[in-house]
Amino acid sequence: MSEFENLEILGVGRRRGGRFGKVLIAGAGKIEGDVECDELSIPGSGKIEEGCVLVHGPLSCYGRGSGGGGG
């Protein structure tokens, strides 16, 4: 169990980056900035804008995931 809060984007949404336990993007979600997490799952369409991604554990993408440079 992580000491960090989880981030879920269900449907359409946009959030700022940060440090999270589990990240789930189910639908069409964007995260702006760097993301560090224990798990990342994208069963939808996810995009990391202007940041880097660091995943310490499982990474799964059943849909479409993309990232932009800048971080």
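## A walk through the strands, starting at Leu7

Let's begin with Leu7, which touches Arg15, Phe20, Lys22, Val23, Leu24 and Ile31, leaving aside residues up to four places away in sequence. Keep in mind as you look around that this is a predicted model.

Leu7 also belongs to something bigger: the largest nonpolar core, a group of eleven residues. Its other members are Ile9, Phe20, Val23, Ile25, Ile31, Val35, Cys37, Leu40, Ile42 and Ile48. Where does the largest share of this core come from? Strand E1, residues 7-42, supplies ten of the residues.

One core member, Cys37, is worth a stop. Is Cys37 buried or exposed? With a relative accessible area of 0%, Cys37 is buried, because anything under 20% counts that way. You might wonder about cysteine pairs, so how many disulfides does the structure hold? The count is zero. For Cys37, the nearest cysteine sulfur belongs to Cys61 and sits 13 Å away. A disulfide needs two sulfurs within 2.5 Å, so at 13 Å Cys37 is in no disulfide. Cys52 isn't in one either: the nearest cysteine sulfur to Cys52 is that of Cys37, 13 Å away. As for its surroundings, Cys52 has 39% relative accessibility and counts as partly exposed.

Now hop over to Glu49, which you'll find in strand E2, residues 45-49. Why does Glu49 count as buried? Its relative accessible area is 18%, and the cut-off is under 20%, so Glu49 makes it into the buried class. Looking past residues up to four places away in sequence, Glu49 touches Arg14, Lys30, Ile31, Glu32 and Gly33. Ile31 may ring a bell: Leu7 touches Ile31 too, and Ile31 is part of the nonpolar core.

Next stop is Leu59, in strand E4, residues 59-61. Leu59 counts as exposed, because its 60% relative accessibility is over the 50% cut-off. Leu59 and Leu40 are 19 residues apart in sequence, yet in space their C-alpha atoms are 4.9 Å apart. Leu40, remember, is one of the core residues.

Finally, how much can you trust the picture? The mean pLDDT of the protein chain is 89, and 93% of its residues reach 70 or more. Which element has the lowest mean pLDDT, and which the highest? Strand E5, residues 64-67, is lowest at 76, while E1 is highest at 95. As a rule of thumb, where pLDDT is low, don't read the predicted coordinates in detail.

Definitions and conventions: Residues are numbered from 1 along each chain as its sequence is written. This is a predicted model: local features need pLDDT of at least 70, side-chain atom pairs count only at pLDDT 80 or more; totals for chains, interfaces and linings use all residues. Side-chain values use heavy atoms; hydrogens and water are left out. Helices (H or I, at least four residues) and strands (E, at least two) are DSSP runs, numbered from the N terminus. Buried means under 20% relative accessible area, exposed over 50%, partly exposed in between (1.4 Å probe, protein chains only). Contact means heavy atoms within 4.5 Å. A nonpolar core is a set of buried Ala, Val, Leu, Ile, Met, Phe, Trp, Tyr and Cys residues joined through side-chain atoms within 4.5 Å. pLDDT is the predictor's confidence in each residue, from 0 to 100.
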